[in-house]
Amino acid sequence: MSTDSRPRLDVLVIGAGFAGLYAIHAARRAGLDVLCLEAGAGVGGTWYYNRYPGARCDVESIDYSYSFDEVLQDEWEWSERYATQPEILAYIEYVAERFDLLSSVRLETRAVSAHFDERTPTWRVCSESGEEFEARYLLCATGSLSAPNKPAIPGVDDFAGEVYYTAEWPHTEPDLAGKRVGLIGTGSSGIQSTPLLAARAKQLTVFQRTPNYSVPALNRNFTPADQVRIREEYPERRSKSRRSGGGSPYVAYPKNGVDCTPEERQAALEKGWTTGGVLFGKTFPDQYVNEETNRYAADFFEAKIRRIVHDPATAGDLIPDDHPIGTKRICTDSGYFETFNRDNVALVNLRKDPIVRITEWGIKTEGAAHELDVLIFATGFDAMTGALQRIDIRGTGGASFREAWREGPVSYLGYQVPDFPNLFIVSGPGSPAVLANMVLAAEMQIDWLLKLIHHADETGANRIEPRADAAAKWTAHVQEAADQTLFPRANSWYVGANIEGKPRTFMLYVRGLGTYAGVCEEVAENGYEGFVLTSHSPAPAH
Ligand code: NA7
């Protein structure tokens, strides 16, 4: 096939979420010709789709925002400590317009295949409608939590009422007034939506398979004085965040939990709880590595929940006992546990009373028939690998990407996979991804990758790939780093446990953003060690 008619881009980005949009901006700034394919009808990625009631980010808004432009940072005002999905989406759309990013985005263009042509060497990407794109480099910003998990519960298609997925929430808000609503799933999406669904519906029944740890977000509106303070503190805040583990400017209590007196420990946990947010999960530096410290935090949590939830049996059902606190992403909520004190809310513990099947009229569990008008699935995602695996990616010699990750994702630094030259992944397995502030992490990764491309261009190389041994070593290191913590104990999506048949490997780099950025910097300083940069003359077109 001739390549003459097809414009050849420098960089083709897949996905116009936070990462993909920044990639457009940064690539342009680097003088590269860039285009981005986005399956949705608008930009925003995960924040475009997850518009369910109560959807918010659990990273503070002033941290979960771009840092690449100080003027942008200065002119945008977040209204709340934890922004709602509409405000985050409005921000993303604002940035897209302000930097004219939309002119490089093809909306409603789902990439379905990507094949590497060794002769040129370029990537040829095909959209669902059959359109083809060709680029020297393919940058997958496909998201960590973007491929919805739709569990095949028996009878799932039989239900005659309304069905919604939190990850594909309709643009027109469903009217739940007077309706009996069933909610399956008690991860972050289920926990955030529960209080609002309960307030809108006649009756809400929450079907819980595994109880989850959730701490009060303690969200609040920012005052004008906050806005001044935020601007004053921003430079320092950003620089601390980049060096931190989680991409936010917080430090743990200065002492390990096991070295504290009981009073000191209690006070530190109380401070974490009343500060609000996910950082309760990291109150002590040893909380993720030491079972004893983790237990203190879990016991503290349990006492709080027993005080909030009036019915002791319901409280008991809501308290996790299957994983150390924080080893599944801790949730943050605004009145989740309190909602179970309402007369119109019921909890079904699926461990005691499992679902037999979904029927035309609702959900039949072993012990009861739950008649419903609306069924909502907050059942999460085929996280980290799902979005990439849904594209038919072929590398050198026709190597299949799905096959390459059949036993778990292998990558070098989370960026590249052997046999898939010139393909880069942002926020993928092997990177800190969702264990850190995704926006700062994506900026860091994209800046780093563009420097690598620049280096290749400067040295006349047109093919970049990782050494197989470097990828194997990094992948083993990611697992070993996790094995030194309590993280692998949880049946979380971090290990793929939420998807049947998915290989169990720990997919995220637990040592944090600052450490990861340092490793990447060192690799670059050492001449991009572990990467192979070569020059291939394009073969003449036929
Ligand atoms: P999560 O955290 O993966 O939660 C999904 C929930 O759905 C969880 O409670 C699951 O139970 C439940 N689930 C999944 N499949 C089933 C079936 N078949 N039956 C019953 N219950 C089921 O996804 P979220 O969208 O809430 O949050 C994802 C991330 O977004 C979150 O970590 C934050 O980082 C933001 P399980 O625990 O697997 O037993």
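The bend at a residue is the angle between two axes, one fitted to the seven residues ending there and the other to the seven starting there. With that in hand, helix α5 is a good place to start in this predicted model. At Thr194, α5 shows a kink of about 40 degrees, and the proline Pro195 comes shortly after it. Even with that kink, the 13 residues of α5 reach 19 Å from first C-alpha to last, which is close to the 18 Å expected at 1.5 Å a residue.

Helix α5 is also well wrapped up. A residue counts as buried when 20 or more other C-beta atoms lie within 10 Å of its own. Of the 13 residues of α5, 10 are buried, so the helix is largely enclosed by the rest of the structure. The run from Ser188 and Ser189 through Gly190, Ile191, Gln192, Ser193, Thr194 and Pro195 belongs to this buried set, and Leu197 and Ala198 complete it. The kinked residue Thr194 and the proline Pro195 are thus both among the buried ones. As for what does the covering, the list includes the strands β8 (180-184), β9 (203-208), β10 (214-216), β11 (331-333) and β12 (345-349), along with α10 (336-339).

The ligand brings α5 up again. Helix α5 (residues 188-200) supplies three residues to the shell around the ligand, the largest share. The shell holds 20 residues, and those that come nearest are Pro151, Gly185, Gly187, Thr210 and Gly380. By class, the shell splits into eight nonpolar, 10 polar and two charged residues. Domain 1 and domain 2 each give at least three residues to the shell.

Those two domains deserve a proper introduction. The domain assignment gives domain 1 as 10-147 + 383-534 and domain 2 as 149-213 + 326-380. Their centres, taken over C-alpha atoms, are 31 Å apart. The contact between them takes 18 residues from domain 1 and 17 residues from domain 2. On the domain 1 side, the residues touching domain 2 come to 10 nonpolar, four polar and four charged.

Within strand β13 (residues 355-358) sits Ile358. Ile358 has 22 other C-beta atoms within 10 Å, so it is buried. Setting aside neighbours within four places in sequence, Ile358 touches Ile153, Pro154, Gly155, Val156, Asp158, Phe159 and Ile363. His454 is another story: 96 residues away from Ile358 in sequence, it lies 55 Å off in space, C-alpha to C-alpha.

A second bent helix turns up at α6 (residues 224-243), whose 20 residues reach 29 Å between the first and last C-alpha, close to the 28 Å expected at 1.5 Å a residue. In α6 the bend is about 55 degrees and falls at Tyr234, with the proline Pro235 following within four residues. The loop between β10 and α6 holds Leu218. Leu218 is not a glycine, yet its phi is positive, at about 50 degrees. With 14 other C-beta atoms within 10 Å, Leu218 is partly exposed.

Met384 also has a positive phi, about 70 degrees, without being a glycine. Its loop runs between β16 (374-377) and α11 (386-389). The surroundings of Met384 include 32 C-beta neighbours inside 10 Å, so this residue counts as buried.

Two further loop residues help to show how sequence and space relate. Phe284, in the loop between α7 (262-275) and α8 (291-308), counts as buried because it has 25 C-beta neighbours inside 10 Å. Beyond neighbours within four places in sequence, the contacts of Phe284 are Ala252, Tyr253, Asn256, Gly257, Ala268 and Thr293. Between Phe284 and Gln416, 132 residues apart along the chain, the C-alpha separation is 34 Å. Glu77 lies in the loop between α3 (70-75) and α4 (85-98). Having 13 C-beta neighbours inside 10 Å, Glu77 counts as partly exposed. Although Glu77 and Arg231 are 154 residues apart along the chain, 9.8 Å separate their C-alpha atoms.

Definitions and conventions: Residues are numbered from 1 along each chain as its sequence is written. This is a predicted model: local features need pLDDT of at least 70, side-chain atom pairs count only at pLDDT 80 or more; totals for chains, interfaces and linings use all residues. A residue is near a molecule or strand if its C-beta atom, placed from the backbone, lies within 6 Å of it. Helices (H or I, at least four residues) and strands (E, at least two) are DSSP runs, numbered from the N terminus. Ala, Val, Leu, Ile, Met, Phe, Trp, Tyr, Cys and Pro count as nonpolar, Asp, Glu, Lys and Arg as charged, and the others, Gly among them, as polar. Domain bounds come from an automatic or database domain assignment. The expected span of a helix is 1.5 Å times one less than its number of residues. A residue is buried if 20 or more other C-beta atoms lie within 10 Å of its own, exposed if 12 or fewer, and partly exposed in between; C-beta atoms are placed from the backbone. Two residues are in contact if their C-beta atoms, placed from the backbone, lie within 7 Å.
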